[in-house]
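Work through the exercises below with the sequence and the model side by side, trying each task before reading its solution.

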Amino acid sequence: MAVTDAAIDKIKQMITSGELAPGDRLPKEADLAERLGLSRNSLREAVRALALINVLDVRQGDGTYVTSLQPHLLLEAMSFVVDFHRDDTVLQFLEVRRVLEPAATAMAAMNMSDEDIKELRAILDALPAEPSVEELVANDLRFHQHIAAGSGNPVLCSLIDSLSGPTTRARVWRGLTQEGALDDTREQHVMICEAIAARRPEVARAWATVHVAGVEEWLRRTL
């Protein structure tokens with residue numbers, strides 16, 4: 001493992017130094033192994049590891065390339081790890097959401113286009129009058145993902161997306177057991193949307209905080 005780690009570090013250094021740019025093809029395996037002073041087996045293991053976290057793209061019969069290194073690709077690995085959360089860590093993920101989502105919502109109030117705001121209203125209108133819990137959760141996810149994308153910050157958007165998984169079960173549980181959860185969610189979503197449409201970032205931030213904190217507080221009482 002130590003040899004493989006060293007191989008990973010050497011490839012990483014080639015990328016971070018700019019020697020290899022996004023989209024570049026790596027030199028042939030034999031040439032790269034000799035150049036880096038590695039065995040071909042160590043190099044292969046390093047390439048596999050970096051491919052798993054979407055830093056490298058191995059194309060059979062074509063070669064190995066550096067990916068685009070876009071945030072959504074690099075943070076997919078985080079989403080995978082996050083899925084292994086335990087029930088007692090859901091609160092910790094909600095605490096992180098309470099930090100990130102209000103910030104993204106405030107940014108969306110400044111950066112969202114009129115067309116994006118129109119689409120945000122359409123997401124709200126798409127929720128049936130008496131939705132199932134599954135429909136409510138799906139609509140909630142779409143709503144927040146659209147706002148995160150509207151923040152104009154791809155890294156922030158990808159981080160929020162990666163944190164959505166652990167809290168989905170909490171939202172389902174809340175919808176199944178807490179009286180008034182549907183009405184509260186609808187009202188808070190409308191207020192967030194209106195604040196964004198009015199270009200009032202601090203009001204949007206406040207409503208987003210109330211929205212996430214409501215789920216968090218309910219879960220604290222339940223666990």
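**Exercise 1: a buried histidine**

H146 is buried, with a relative accessible area of 13%, where buried means under 20% relative accessible area, exposed over 50% and partly exposed in between, calculated with a 1.4 Å probe on protein chains only. The model is a predicted one, in which local features need pLDDT of at least 70 and side-chain atom pairs count only at pLDDT 80 or more, while totals for chains, interfaces and linings use all residues. Residues are numbered from 1 along each chain as its sequence is written, and side-chain values use heavy atoms, with hydrogens and water left out.

Task: establish in which helix H146 is found and which residues H146 touches, not counting residues up to four places away in sequence.

Solution. Step 1: H146 is found in helix α8; helices (H or I, at least four residues) and strands (E, at least two) are DSSP runs, numbered from the N terminus. Step 2: taking contact as heavy atoms within 4.5 Å, and setting aside residues up to four places away in sequence, H146 touches M112, D116, E119, L120 and I123. Step 3: for I123, which stands 23 residues from H146 along the chain, the separation of the two C-alpha atoms is 9.0 Å.

**Exercise 2: the faces of α7**

Task: compare the span of helix α7 with its expected value, and determine which residues of α7 are buried and which are exposed.

Solution. Step 1: the expected span of a helix is 1.5 Å times one less than its number of residues, so the 12 residues of α7 (residues 114–125) should span 16 Å, and the 17 Å between its end C-alpha atoms agrees with this. Step 2: the buried residues of α7 are I117, L120, I123 and L124. Step 3: viewed down the axis of α7, these buried residues fall within an arc of 110°, so they line one face of the helix; the arc is that of the directions from the helix axis to the C-beta atoms. Step 4: D114, E115, K118 and D125 are exposed on the other side of α7. Step 5: the cover over the buried residues of α7 includes α8 (133–150) and α10 (181–197).

**Exercise 3: the largest cavity and T185**

Task: find how much space lies in the largest cavity, which residues line the largest cavity, and whether T185 is buried or exposed.

Solution. Step 1: on a 1 Å grid over the protein atoms alone, a cavity is a set of points where a 1.4 Å probe fits but cannot get out, a pocket is an open set with protein on both sides within 12 Å along at least five of seven lines, and lining residues have an atom within 4 Å of a point. Step 2: by this rule there are three cavities of 30 Å³ or more, and about 110 Å³ of space lies in the largest cavity, a volume being the space filled by probe spheres set on the points, which are joined across faces, edges and corners. Step 3: the lining of the largest cavity consists of V133, L136, V137, D140, R171, R174, G175, A181, T185, H211 and V215. Step 4: at least two lining residues come from each of α8, α9 (154–177), α10 and α11 (201–222), and the largest share, four residues, is that of α8. Step 5: T185, found in helix α10, counts as buried at 8% relative accessibility, and beyond four places in sequence T185 touches L136, D140, R174 and H211.

**Exercise 4: the largest pocket**

Task: state how many residues line the largest pocket and which element gives the largest share.

Solution. Step 1: the largest pocket holds about 270 Å³ of space. Step 2: its lining has 14 residues, with P27, E29, V47, G63 and T64 nearest the centre. Step 3: α2 (29–36), α3 (40–52) and β2 (63–66) are the elements that give two or more residues to this lining, and α3 gives the largest share, four residues.

**Exercise 5: two positive phi angles**

Task: locate N54 and R199, and find the accessibility of N54 and of R199.

Solution. Step 1: most residues other than glycine have a negative phi. Step 2: N54, although not a glycine, has a positive phi of about 65°; N54 lies in the loop between α3 and β1 (56–59) and is buried, with a relative accessible area of 18%. Step 3: R199, also not a glycine, has a positive phi of about 60°; R199 is in the loop between α10 and α11 and is partly exposed, at a relative accessible area of 33%.
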